Every structure is written in C-alpha cells, then in structure tokens.
Amino acid sequence: MKKYFQFEELGTNYRREIIGGLTTFLAMAYILVVNPLTLTLESVPDLPDSMRMDYGAVFMATALAAAIGCLVMGILAKYPIALAPGMGLNAFFAYTVILTYGIPWQTALTGVLFSGLIFILLTLTGLRETIINAIPAELKYAVGAGIGLYITFIGLQNAEIIVDNPATLVGLGDLSNSSALLAIFGLVVTVIFMVRGIQGGIFFGILIAAVVGMIFGVVNLPSAVIDLSLPSMAPTFGVALEPIFNDFGSLMNIQFLVVVLTFLFVDFFDTAGTLVAVANQAGLMKDNKLPRASKALLADSIATVSGAIFGTSTTTSYIESTSGVAAGARSGFAAVVTGILFLLSIFFYPVLEVITSAVTAPALIIVGVLMVSALGKIDWSRFEIAVPAFLTMITMPLGYSIATGIAIGFIFYPITMLVAGKGKQIHPIMYGLFVIFILYFIFLV
Ligand SMILES: Nc1nc2[nH]cnc2c(=O)[nH]1
C-alpha cells in the first residue's frame, strides 16, 4: 500500500495522510448539509413541491458522489484531492436553472450528466490536458491565489465576520455575534498551531472550536451519534436518464444547451485551477506541468456523471483539499481517507449536523493565506503579465466566481502580451481561449 501511494518518494506516512484526509473531510463536511438545503430551494417559500428535489435523496447523492470522486481521485490519479458537489454550481443549478429558467430539476440533472459525459470525451482525447499545460505559469499562480482570496472571502462570510452592506456591497459584521466570536476564537487557535508548526493544526483548530462551541451552546450537541435508518434515494436516483428516453424533445432547445455549456465551462476551469493550486501547494507539480493530469480530470468527470445519476449538481475537485495538504497530506491515500469518511458520514448524520460553518470558517481563511503565497512566484515588474495575473486574482472573489476571474484574466493576457511585442510566447491555445471567453461573456453571463 505504501508503495502504491509512493509514501517514500513523497516523504509522507500513514499518520500525515490520515490526519490530512480527516482535515479535508472536516473542512468539506458542511456540503452534506448545505447542498441538500440549496438544491431543495429551502430558502424559497411557497414553491410547488414538484419544483423541489427531495432533501434525504440529495443528502445521500451528495455523500455518495463525494465518496466516489475521492476514491477514484485517490486510487486512480493518486492526488490528495477530494471532491464533492461544488458550491459554485449548486447555486446556479437551483436559483438560475430551476427558479429563473423554470427548467424542471429532472432536466437540469440531465444537463449535469451531459456536461460530465462531454468532459470525459474531452479528457480521453487529451484536449483538456493540452489546454491546462498551455496556460502560462504566472496565470496558473494567479488562478491559485485568486481561489485563495475567494475561499477566504467565503470563510469570512460563513463566520459572519464580513457581511453585506447596501452602501459599500460588503463590510465588517457585528463581531460580538456568537458565530463571529467562535470563528475568531477558532482562527486564533489555528494560527497559533500553524505558526508553531504543529502538524494537523487546521484539524485541531476545527476540533477545539467545535468543543468550545458546544460548551458555550453555540454549537448544538448531537442528538445521537449514529442513525442507521438511511434516507431513500428513489426520488432522484436515475432520474437524469429519464428525459433521454422519455422526453428527448425537452432537451432540444437553446436554453438547455446554454445550461450544459455553463456546467461544462465552469467545471472545466474551476477543476483546472483547483488541481494546479492543490498540486502546487503540495509540491507535486513537475516543470510547471501537472503529472497524471488526464487521470485527475477523468476522476473529476466520473464523479460528475455518478453524481448526476445519484441526484446532485456538478461534483468537482474541492479547493478545501488544500487544508488537508496544509495538514501534511501528499498522496492519494489522503483522498481515500476522505472518501471513506464521506461513505461513513451517511450513518453519522446527527454528529455531522452540528459542525457549523462558523467552526470550519477558520480553515477556509487560513487556506487563503496558504494559496496566496503563490503570488511570490509572479514577476510583478513585468506589467504585461502583472495585469492579467492581477485581474484573474481580484475578480474571482469580487465576481464571486472562479470562472469569471479566469475568463477576465485570460482575455487580457494575449492583449497585453501582444502589445508588449511578446506574441511569440503566447501558446496558440491561449488565442482560442481568448475567443471562447469573449463568447462566454456575450452569450452565457
Ligand atoms: N474549487 C472549488 N472548491 C469548492 N469548494 C466548495 N465549492 C467549491 C467549488 O465550486 N469549487
């Protein structure tokens, strides 16, 4: 086993991998609660039941899609990268596709399935790997740093430290609020552990914050430890396949095409950015290239296809994997640990439920610190690369979308490079992406 996962070459061991896998799981576990709440449109009152997915079935689909994604990534691609249904696309699925477009959730699931299948085709033809390797190093670093800012922003919001403000869009929240206080406490504890170089500092930070939250009544005590009565998957299982056989006509329209393309587009670049960011942080990149990229991409698309069949929006590589890497994970074994924990989580629903986003927020904030360090590798004195790198990074949190940041930066890159007389350094694929991203803004946003 140690040999298969290359522990010796990677300088790792079982303890580091298990703590890393557990840390990533804890940082991601919120999705087991948030995804079903989002896809059932819990926050929208007065909807006909037919427009809502079934909560229990989506919970099961979320856990199983995450488990399959993590296991395939760990065993096939051997990266410490965990997967689950992404926050970037579940909101799009629920609020844009179902609510705004009025597309039935059954058809939306078919859209996710199609985008996953197209992904597999692109991966098998090698096109995805070629594209990822054509992106200049500076933009890859900027994508990693931008995702870091984005994830910190999400963490600060989850903690209610940063809140919305009608005059300035965002502002400082009420720091005496119990959620903010618990997150600040967790952050201080985690920072102390990290500065002292304690292995698994992020994990122990989450653990201590959860216990302190329970003592002060901010985190609920679990009602039970294990619940063996699993929810039924029948309401969503296989439903994505139904329109293909029963109502193919409903798929033959521009709106459905736009939905599939958006799922495909966002997952493609989010995954590329996330894989590179996590591999970079773990020191697993070789000559600015991602080894075994096609296997990692295949794992990602297999997870999306499985998730669509189970009944969830796009399953994607999670940036929270960086918290496990920060805790020491280096090999695919950590992803296997996270996958097994997702499998077991279906029985531990009562315990999981108490881990609130305020408890996991410090992990997200610290992950941002780690990811932004990639900026040190960019030569800021070269204005032609500084501009697209900066725009990629800053528009991710501000546009609240990884895809937006990538699109804006990649539109500026060929422009600034050409004007600087460095057109020869631009890979032809980057011109193709320039056109695709312009079309993206014209037709999809
Ligand atoms: N990369 C990435 N990480 C996430 N973590 C939570 N949601 C997401 C997502 O949509 N993409």
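The ligand sits in the largest pocket. A pocket here is an open set of points on a 1 Å grid over the protein atoms alone, with protein on both sides within 12 Å along at least five of seven lines, and a molecule sits in it if more than half of its atoms lie within 2 Å of its grid points. This is a predicted model, in which local features need pLDDT of at least 70 and side-chain atom pairs count only at pLDDT 80 or more, while totals for chains, interfaces and linings use all residues. Residues are numbered from 1 along each chain as its sequence is written, and side-chain values use heavy atoms, with hydrogens and water left out.

**Ligand surroundings**

- Helix 5 (87-100), helix 12 (254-281) and strand 4 (315-317) are the elements that give two or more residues to the shell around the ligand; helices (H or I, at least four residues) and strands (E, at least two) are DSSP runs, numbered from the N terminus.
- The residues around the ligand, each with a heavy atom within 4 Å of it, include Y30, M87, T274, Y318, E320 and I402.

**Polar contacts of the ligand**

- A polar side-chain atom of D270 is 2.7 Å from a nitrogen atom of the ligand; a polar contact is a pair of N or O atoms within 3.5 Å, and within protein one must be able to donate a hydrogen and the other to accept it, with residues adjacent in sequence counting only if both atoms are side-chain atoms.
- Backbone atoms also take part: a polar one of S317 lies 3.3 Å from a ligand nitrogen atom, and a polar one of I319 lies 3.2 Å from a ligand nitrogen atom.
- On its own the ligand has 280 Å² of accessible area, of which the protein covers 96% (Shrake-Rupley method, 1.4 Å probe).

**Helix 4**

- Helix 4 (residues 55-77) has 23 residues and should span 33 Å at 1.5 Å a residue, which agrees with the 32 Å between its end C-alpha atoms; the expected span is 1.5 Å times one less than the number of residues.
- Because 17 of its 23 residues are buried, helix 4 is largely enclosed by the rest of the structure; buried means under 20% relative accessible area (1.4 Å probe, protein chains only).
- At the start of helix 4, a side-chain oxygen of D54 comes within 3.3 Å of the backbone nitrogen of G56.
- K78 follows helix 4 and has a positive phi, near 60°.

**Helix 15**

- Helix 15 (residues 332-345) is also largely enclosed by the rest of the structure, because 11 of its 14 residues are buried.
- Among those buried residues are F333, V336, L341 and F342.

Methods
Buried < 20%, exposed > 50% of the residue type's maximum accessible area, 1.4 Å probe, protein only. 1 Å grid on protein atoms, 1.4 Å probe; cavity = no way out; pocket = protein on both sides within 12 Å on 5 of 7 lines; lining within 4 Å.
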